[in-house]
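Dear colleague,

Here is the structure for you to look over. My notes follow below.

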Amino acid sequence: MADEANDKVLLARMMREAAGVSAADWIFSDGEVRGEIHDRGARALVHAAGWDLAEWEALAEHSKARSDILLSGAEKLGIDTEWKGWP
């Protein structure tokens with residue numbers, strides 16, 4: 001359970017950084033705004049990886065294929081992350 005919570009924190013941090021949002025702005029945002037930040041970060045990562053968002057969304061949620069794309073985008077954007085992706 002602790003590993004799952006840590007993975008969520010690492011993913012959220014990567015999404016926040018990809019969206020260009022500061023840690024302070026993340027902390028003081030509400031759930032709706034955090035969802036928008038997450039979506040903006042995912043779009044940035046998918047685009048950086050060279051994928052079309054519709055193609056990425058067609059992949060199974062929380063799949064290795066999706067996480068590989070996010071991680072590729074993070075690498076191309078220079079985002080250092082400890083998130084390992086979904087199995």
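**Confidence, cores and pocket**

By mean pLDDT (the predictor's confidence in each residue, from 0 to 100), α1 is lowest in the chain at 90 and α5 highest at 97; helices are DSSP runs of H or I, at least four residues, numbered from the N terminus. The chain mean is 94, with 98% of residues at 70 or more.

This is a predicted model, in which local features need pLDDT of at least 70, side-chain atom pairs count only at pLDDT 80 or more, and totals for chains, interfaces and linings use all residues. Residues are numbered from 1 along each chain as its sequence is written, and side-chain values use heavy atoms, without hydrogens and water.

The largest nonpolar core (buried Ala, Val, Leu, Ile, Met, Phe, Trp, Tyr and Cys joined through side-chain atoms within 4.5 Å; buried means under 20% relative accessible area, 1.4 Å probe, protein chains only) has 16 residues, of which L11, M14, L45, L70 and W83 touch the most other members. At least two residues each come from α1 (2-19), α3 (31-48) and α5 (64-77), and α1 gives the most, with 5. A second, separate core of 5 residues includes A12, A19, W26 and I37.

Beyond four places in sequence, M14 is in contact (heavy atoms within 4.5 Å) with L45, L70, L71, A74, I79, T81 and W83.

The lining of the largest pocket includes E4, D7, K8, L11, H38 and W83, and α1 gives the most to this lining, with 4 residues. A pocket here is an open set of points on a 1 Å grid over the protein atoms alone where a 1.4 Å probe fits, with protein on both sides within 12 Å along at least five of seven lines; lining residues have an atom within 4 Å of a point.

Regards

How values were computed. Buried means under 20% relative accessible area, exposed over 50%, partly exposed in between (1.4 Å probe, protein chains only).
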